[in-house]
Amino acid sequence: MPSSVPPPTLKASIQPVDGYQMLVAMLLMPLASALAVASWTLYALLAKQPIYVLIPLCSGALLVWPALYIARLGDTCRLMQWLLLGLALVLGGFGMASQPWEFLLVGVGLGLGGAVIATGIAHAKGWMPGRWVHLCVGLCLALAAGVGLSLRMAPLVVQAYGWRAAPFSLLIPLFMIMLLLWLFVESPE
């Protein structure tokens, strides 16, 4: 009876790439970007003033360029972990904020999401050089997933536990991604 498994001599690609590392990297980096966008969407949903929505977007646009520069120089995984830790601290502050200036400060801090997205792109580019179309499609899917996560999760959490619990609910997947990055992902060479 013929086997459905191909013989071990067949190669799937021309370049030898550690498929496990690439799979984990290509899964975790978009998930981190989706969580960054989910935090922006959550901030927009819970903002008291409409102008607050622009604050994380503007600060994120400013933080993209330094993050790309640092990502090109060093270890993208460690940079991503530090950025996610900063984002976790900002989300914790978001859940405890009560004054308008605190919400503005949280909005500026959520700009780290732009740096998270830029670092994820730099990391993916290291694994897949020259495949910009794939990176753009993956980024668009991650952004849509982040918006969808917040739009579905926020009303449920707010209704069940109040608005202060909503930022804390994003901390669980954020810490899971940080842990998985620390344990399993290496930067491409």
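1. Is G109 buried or exposed? In this predicted model, G109 is buried, because its relative accessible area of 15% falls under the 20% cut-off used for that class. The residue has its place in helix α4, and although G109 and S59 are 50 residues apart along the chain, their C-alpha atoms are separated by 7.7 Å.

2. On the overall fold, the protein has eight helices and zero strands, so that reading from the N terminus the order of elements is simply α-α-α-α-α-α-α-α. Among the contacts that join residues at least 6 apart in sequence, 82% are between residues at least 24 apart, a figure to keep in mind when looking at the individual contacts described below.

3. As for burial and surface, 41% of the 189 residues count as buried. The protein exposes about 11100 Å², and 73% of this area is supplied by carbon and sulfur atoms.

4. The largest nonpolar core has 45 residues, and the members that touch the most other members are L84, L110, L174 and L181. At least two residues of this core come from each of the helices α1, α2 (54-73), α3 (76-96), α4 (100-109), α5 (112-127), α6 (132-161) and α8.

5. One of those core residues, L181, deserves a separate look: leaving aside residues up to four places away in sequence, L181 touches L28, M29, R78, M80, Q81 and L84. Within that list, L84 is itself named with L181 among the core residues that touch the most other members.

6. A second buried position to inspect is T41, which is found in helix α1 (residues 19-46). T41 counts as buried because its relative accessibility is 13%, and, again not counting residues up to four places away in sequence, T41 touches G146, V147, S150 and L151.

7. Turning to the surface, L179, L180, W182, L183 and F184 form a nonpolar patch there, and together these residues have about 490 Å² of accessible area. One of them, L183, lies in helix α8, which covers residues 171-184. L183 counts as partly exposed because its relative accessibility is 47%, a value between the 20% limit for buried and the 50% limit for exposed residues. Helix α8 is also listed among the helices that each supply at least two residues of the largest nonpolar core, and a reader viewing L183 may therefore wish to keep both the patch and the accessibility class of this residue in view.

Methods: Residues are numbered from 1 along each chain as its sequence is written. This is a predicted model: local features need pLDDT of at least 70, side-chain atom pairs count only at pLDDT 80 or more; totals for chains, interfaces and linings use all residues. Side-chain values use heavy atoms; hydrogens and water are left out. Patches are made of residues with over 30% relative accessible area and no salt bridge: like charges are joined within 9 Å, nonpolar side chains (Val, Leu, Ile, Met, Phe, Trp, Tyr) within 5 Å. Accessible areas come from the Shrake-Rupley method with a 1.4 Å probe; for residues, only the protein chains shown count as cover. A salt bridge is a side-chain nitrogen of Lys or Arg within 4 Å of a carboxyl oxygen of Asp or Glu. Helices (H or I, at least four residues) and strands (E, at least two) are DSSP runs, numbered from the N terminus. Buried means under 20% relative accessible area, exposed over 50%, partly exposed in between (1.4 Å probe, protein chains only). Contact means heavy atoms within 4.5 Å. A nonpolar core is a set of buried Ala, Val, Leu, Ile, Met, Phe, Trp, Tyr and Cys residues joined through side-chain atoms within 4.5 Å.
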